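Hello,

Here is the structure I promised to pass on to you. Have a look at it first, and then read on for what turned up.

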Amino acid sequence: MTVRRMLVVGAHSADFVWRAAGAIAKHTLAGGEARVVTLSYGERGESGELWKEPGQTVENVKRVRHAEATGAAQAVGASYECFDLGDYPLRAGGDAIDRLAELMRDYAPHVVLTHPEKDPFNPDHPVAYQVVSQARLLTSGAVVEAGFRTAPPSEFLVFEPHQPDLCGFVPTVFVDITEVFEAKAKAMDAMSAQAYLKQYYTERAGHRANHARKVTGDKAIRHAEAFQRIVPNVVGAL
């Protein structure tokens with residue numbers, strides 16, 4: 001039996017928690033493997049509570065953020081690693097793309113999740129999208145013989161941004177996370193540097209559950225996450 005592998009790539013260490021922790025938990029609960037990679041810790045622009053402490057340093061913020069993200073990933077059954085490229089701005093060029101592509105070749109994920117291509121309020125998120133998109137294409141090698149190691153093409157989806165209407169985000173997939181919402185809540189609790197976001201994303205999960213109920217007629221759905229499929233799905237019949 002093939003174990004399905006999920007790769008989630010965020011610009012900052014907490015991005016996966018707010019936007020995809022439920023989907024990760026649902027995936028691992030079903031027996032899948034999940035790996036979270038972040039390009040930075042978000043130490044400069046995404047750690048507001050930590051910077052309220054007198055004498056705070058960048059290195060200490062990174063240490064705290066690593067511990068928080070590791071704990072959050074464990075709460076939903078995933079591993080965690082950070083490329084530590086810096087944030088605000090996130091500068092990720094060819095070396096980062098090559099590094100992620102090599103990781104993808106080794107891990108061969110069945111599904112990849114990351115940020116949408118557009119975000120007018122966060123300069124780092126579109127950078128992450130470009131890195132993931134290019135690395136994924138280089139990994140698959142356009143499904144022809146190539147002079148480098150390849151892996152089978154993965155499903156490719158983006159998770160919901162903080163301001164979906166302003167980012168061109170239109171959901172095409174809802175994931176029912178009702179049975180794993182406690183795991184997502186635990187992951188959110190781990191991110192104390194951005195504790196103020198827990199209420200927002202708890203409410204958002206309720207909003208998306210409302211939409212999922214209308215789509216399916218399933219009144220048992222209480223929490224959901226939304227995603228937009230970038231690469232079309234292929235089915236044998238309708």
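Which side chain does Arg35 meet in a salt bridge? The partner is Glu81, with N and O 2.8 Å apart. Please keep in mind as you read that this is a predicted model.

Let me stay with that pair for a moment. Arg35 belongs to strand β2, which covers residues 33-38, and Glu81 belongs to strand β3, so their bridge ties together parts that are 46 residues apart in sequence. Arg35 has a relative accessible area of 21% and is therefore partly exposed. Glu81 is partly exposed too, at 25%.

The salt bridges

A search of the whole structure gives 15 salt bridges. In general, side chains of opposite charge can pair when their charged atoms come close. Another one to look at joins Asp106 and Arg149, whose closest N and O atoms are 2.9 Å apart. Asp106 sits in helix α3, while Arg149 is in the loop between α4 (124-140) and β5 (155-159), so this pair ties together parts that are 43 residues apart in sequence. Asp106 counts as exposed, because its relative accessibility is 53%. Arg149, at 40%, counts as partly exposed.

This pair also has company: Asp106 and Arg149 are linked with Glu102 and Arg105 in a network of salt bridges.

Further along the chain, the side chains of Asp189 and Lys198 form a salt bridge as well, with 2.6 Å from N to O. Both ends are partly exposed: Asp189 has a relative accessibility of 47%, and Lys198 has 26%.

The nonpolar cores

In soluble globular proteins, nonpolar side chains tend to be buried together. Here the largest nonpolar core has 39 residues, and the members that touch the most others are Phe16, Ile24 and Leu113. Helix α1, residues 15-29, gives the most to this core, namely eight residues.

Ile24 is a good place to start if you want to trace contacts. Setting aside its neighbours within four places in sequence, Ile24 is in contact with Met6, Val8, Phe16, Ala34, Val36, Val76 and Ala78. Another core, of 23 residues, lies apart from that one; Phe83, Tyr129, Ala135 and Val158 are among its members.

Some backbone details

Most residues other than glycine have a negative phi, and most peptide bonds are trans. With that in mind, two spots are worth a look.

The first topic is Tyr88, found in the loop between β3 and α3. Its phi is near 45°, a positive value in a residue other than glycine. The peptide bond that joins Tyr88 to Pro89 is cis, with omega about 5°. Pro89 lies in that loop as well, between β3 (79-82) and α3 (94-107). Tyr88 counts as partly exposed because its relative accessibility is 27%.

Then there is Ala108, in the loop between α3 and β4 (111-114). Ala108 is not a glycine either, yet its phi is positive, at about 50°. Is Ala108 buried or exposed? With a relative accessibility of 17%, Ala108 counts as buried, because the cut-off for that is under 20%.

If you would like a route through the model, begin at Arg35 and Glu81, which meet in a salt bridge, then go to Ile24 in the largest nonpolar core, and finish at the cis bond between Tyr88 and Pro89.

Enjoy exploring, and best wishes!

Definitions and conventions
Residues are numbered from 1 along each chain as its sequence is written. This is a predicted model: local features need pLDDT of at least 70, side-chain atom pairs count only at pLDDT 80 or more; totals for chains, interfaces and linings use all residues. Side-chain values use heavy atoms; hydrogens and water are left out. Helices (H or I, at least four residues) and strands (E, at least two) are DSSP runs, numbered from the N terminus. Buried means under 20% relative accessible area, exposed over 50%, partly exposed in between (1.4 Å probe, protein chains only). A nonpolar core is a set of buried Ala, Val, Leu, Ile, Met, Phe, Trp, Tyr and Cys residues joined through side-chain atoms within 4.5 Å. Contact means heavy atoms within 4.5 Å. A salt bridge is a side-chain nitrogen of Lys or Arg within 4 Å of a carboxyl oxygen of Asp or Glu.
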